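Reader: I've just opened this one and I'm not sure where to begin. Could you walk me through it?

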Amino acid sequence: MAASDVYKRQKEYTALAGKYNLRIQSIKPVPQEKQKKEAYTSVTVNIVLTGSFYKAAAFLDDLKQQKRLAVPANVVIERNKNGFAGDVVLTASLTAYALK
């Protein structure tokens, strides 16, 4: 995917996090290996969010409702030691796929 596609995915995930009142700590694209000649392209971003457990779970659930296939991997949800009571930190790799 082109740099503009990476920006679009970051913007999409930022809007989705805002929908659930989650705070983005970081969102960074993962360097891609040269892709073989496939019928699709993909882009992966690492994202770290903070907020309530239920809203973090709703964020992940809402990913499957998006127009592009987004696959979460390496999902870790931990108690946020520095935040409000009940807050968690969600860390995940999100890979978005699109047809060429």
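Author: Sure, here are a few questions and answers on the fold, the core and the surface. Keep in mind that this is a predicted model.

Reader: In what pattern do the helices and strands follow each other along the sequence?

Author: Start with the tally: the chain has two helices and four strands. Read from the beginning of the sequence, they come in the order α-β-β-α-β-β.

Reader: And how compact is the chain for its length?

Author: The globule rule gives 13 Å for 100 residues, and the chain's radius of gyration is 14 Å, which is close. So the chain is as compact as a globular protein of that length.

Reader: Which element gives the largest share of the largest nonpolar core?

Author: That core has 20 residues, with Tyr13, Ile47, Phe59 and Leu94 among those with the most contacts inside it. Helix 1 (3–19), strand 2 (40–52), helix 2 (53–63) and strand 4 (87–99) each give two or more residues. The largest share is five residues, and it comes from strand 4.

Reader: Is phenylalanine 53 buried, partly exposed or exposed?

Author: This residue sits in helix 2. Together with Tyr54, Val75 and Ile77, Phe53 makes a nonpolar surface patch of about 410 Å². Its relative accessibility is 39%, and buried means under 20% while exposed means over 50%. That value lies in between, so phenylalanine 53 counts as partly exposed.

Reader: Which elements give two or more residues to that nonpolar patch?

Author: The patch is made by Phe53, Tyr54, Val75 and Ile77. The elements that supply two or more of its residues are helix 2 and strand 3 (69–79).

Terms used: Residues numbered from 1 in each chain as written. Predicted model: local features only at pLDDT ≥ 70, side-chain atom pairs only at ≥ 80, totals over all residues. Heavy atoms only, no water. Core = buried A, V, L, I, M, F, W, Y, C linked by side-chain atoms within 4.5 Å. Buried < 20%, exposed > 50% of the residue type's maximum accessible area, 1.4 Å probe, protein only. Patch = residues over 30% accessible without salt bridge, like charges linked within 9 Å, V, L, I, M, F, W, Y side chains within 5 Å. Areas by Shrake-Rupley, 256 points an atom, 1.4 Å probe, with all protein chains shown as cover. Salt bridge = Lys/Arg side-chain N within 4 Å of Asp/Glu carboxyl O. Rg over C-alpha atoms; globule rule 2.2 N^0.38 Å.
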